[in-house]
Amino acid sequence: MERGIVILGKLARSALRSQRIPQINHPLAPEIHFKRQHSRSGSDCKEIWEMLSQLPLFAGGEIVRGFGRGSKELGIPTANFPLEVVKSLPESLPTGAYYGWANVDNGPVHKMVLSVGWNPFYNNKERSVETHMLHDFNCDLYGQTLKICIVGYLRPERSFDSLESLIAAIRGDIEQAKASLDEADKAKLKEAPYFTEKLCSSK
Ligand code: ADP
Ligand code: RBF
Ligand code: MG
């Protein structure tokens, strides 16, 4: 399979419309939520609001090796996309934690949490897009095809004063993701035809 294939918002949305899958609601009012929690400026809130209106966003590509820290240091393995996929994602997609659905090699679709960014706790030099599926695979998935549907946004990425705090934040993300994905409009996206279709390039 070609590396770095990505299917983006607009295309996916028209495909979804033709399949009669309704678009998702984002019940949280990001401006208010973010001003209250992070004292963010108006323009940052606008950026997040614009990004939310692009969701759901579909992407796919080969699972490649990262630094191997997810499983060993955090106990939370993350399937990493190659740089080509990372670069194909919209520039406007803010860094942070997201949630959605994912599958491997067109297999069963699982809930997932996703990290988009530079991992400030580790000070990475490259932007990464990493998916932790809420499923026990008990094996490596390197070289297989990961497809994701990004459904919602959880929080901005940030640094932490300890590894334990980073792990606790991700555990919190997982709990929020589990609950949100059970909401009817978000649960429907698990059935998106994208997860069983042959992967094709939008380029
Ligand atoms: P890397 O830095 O190479 O991405 P990680 O420590 O983050 O290594 O572990 C990720 C790898 O673990 C994935 O590429 C995949 O092969 C495997 N894996 C096993 N279970 C999962 C899971 N539930 N979600 C994501 N990856 C998983
Ligand atoms: N790394 C950070 O440095 N800061 C974060 O806020 C952060 N949030 C994450 C949220 C989720 C849902 C996931 C799966 C990962 C997150 N990470 C974050 C990335 C984490 O540091 C990374 O997965 C490991 O370093 C393994 O590559
Ligand atoms: Mg990883």
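**Figure 1. Backbone contacts to ligand 1 in the predicted model.** An oxygen atom of ligand 1 is placed 2.7 Å from a polar backbone atom of Gly66. Two further residues offer backbone atoms: an N or O atom of Phe67 lies 3.1 Å from an oxygen atom of the ligand, and a backbone N or O atom of Gly70 lies 3.2 Å from an oxygen atom of ligand 1. Of the 550 Å² that ligand 1 exposes when taken alone, the protein buries 94%.

**Figure 2. The shell of residues around ligand 1.** Ligand 1 is surrounded by 21 residues, and the closest are Gly66, Gly68, Ser71, Leu141 and Tyr142. Nine residues of this shell are nonpolar, nine are polar and three are charged. Helix H4 (69–74), strand S2 (79–80) and strand S5 (128–133) are the elements that contribute two or more residues to the shell around ligand 1.

**Figure 3. Polar contacts of ligand 2 with arginine residues.** The side chain of Arg69 has an N or O atom 3.4 Å from an oxygen atom of ligand 2. Arg155 likewise uses its side chain, with a polar atom 2.9 Å from an oxygen atom of ligand 2. Arg158, in turn, is engaged through its backbone, where an N or O atom lies 2.7 Å from a nitrogen atom of the ligand. On its own, ligand 2 has 550 Å² of accessible area, and the protein covers 98% of this area.

**Figure 4. The shell of residues around ligand 2.** The shell comprises 19 residues, with Asn119, Phe121, Glu130, Arg155 and Arg158 the closest to ligand 2. By class, nine residues of the shell are nonpolar, four are polar and six are charged. At least two residues of the shell come from each of H4, strand S4 (110–117) and helix H6 (163–181). Helix H4 also appears among the elements that supply two or more residues to the shell around ligand 1.

**Figure 5. Solvent accessibility of Cys139 and Cys149.** Cys139 has a relative accessibility of 46% and is classed as partly exposed, because that class spans the range between the 20% limit for buried residues and the 50% limit for exposed residues. Cys149 has a relative accessible area of 0% and is therefore buried, as this value is under 20%. The structure contains zero disulfides.

Note on methods: Residues numbered from 1 in each chain as written. Chains lettered and ligands numbered in written order. Predicted model: local features only at pLDDT ≥ 70, side-chain atom pairs only at ≥ 80, totals over all residues. Heavy atoms only, no water. Disulfide = S-S within 2.5 Å. Buried < 20%, exposed > 50% of the residue type's maximum accessible area, 1.4 Å probe, protein only. Near = heavy atom within 4 Å. Polar contact = N/O pair within 3.5 Å; in protein donor to acceptor, adjacent residues only side chain to side chain. Areas by Shrake-Rupley, 256 points an atom, 1.4 Å probe, with all protein chains shown as cover. Helix = DSSP H or I, 4+ residues; strand = E, 2+ residues; numbered from the N terminus. Nonpolar A, V, L, I, M, F, W, Y, C, P; charged D, E, K, R; others polar.
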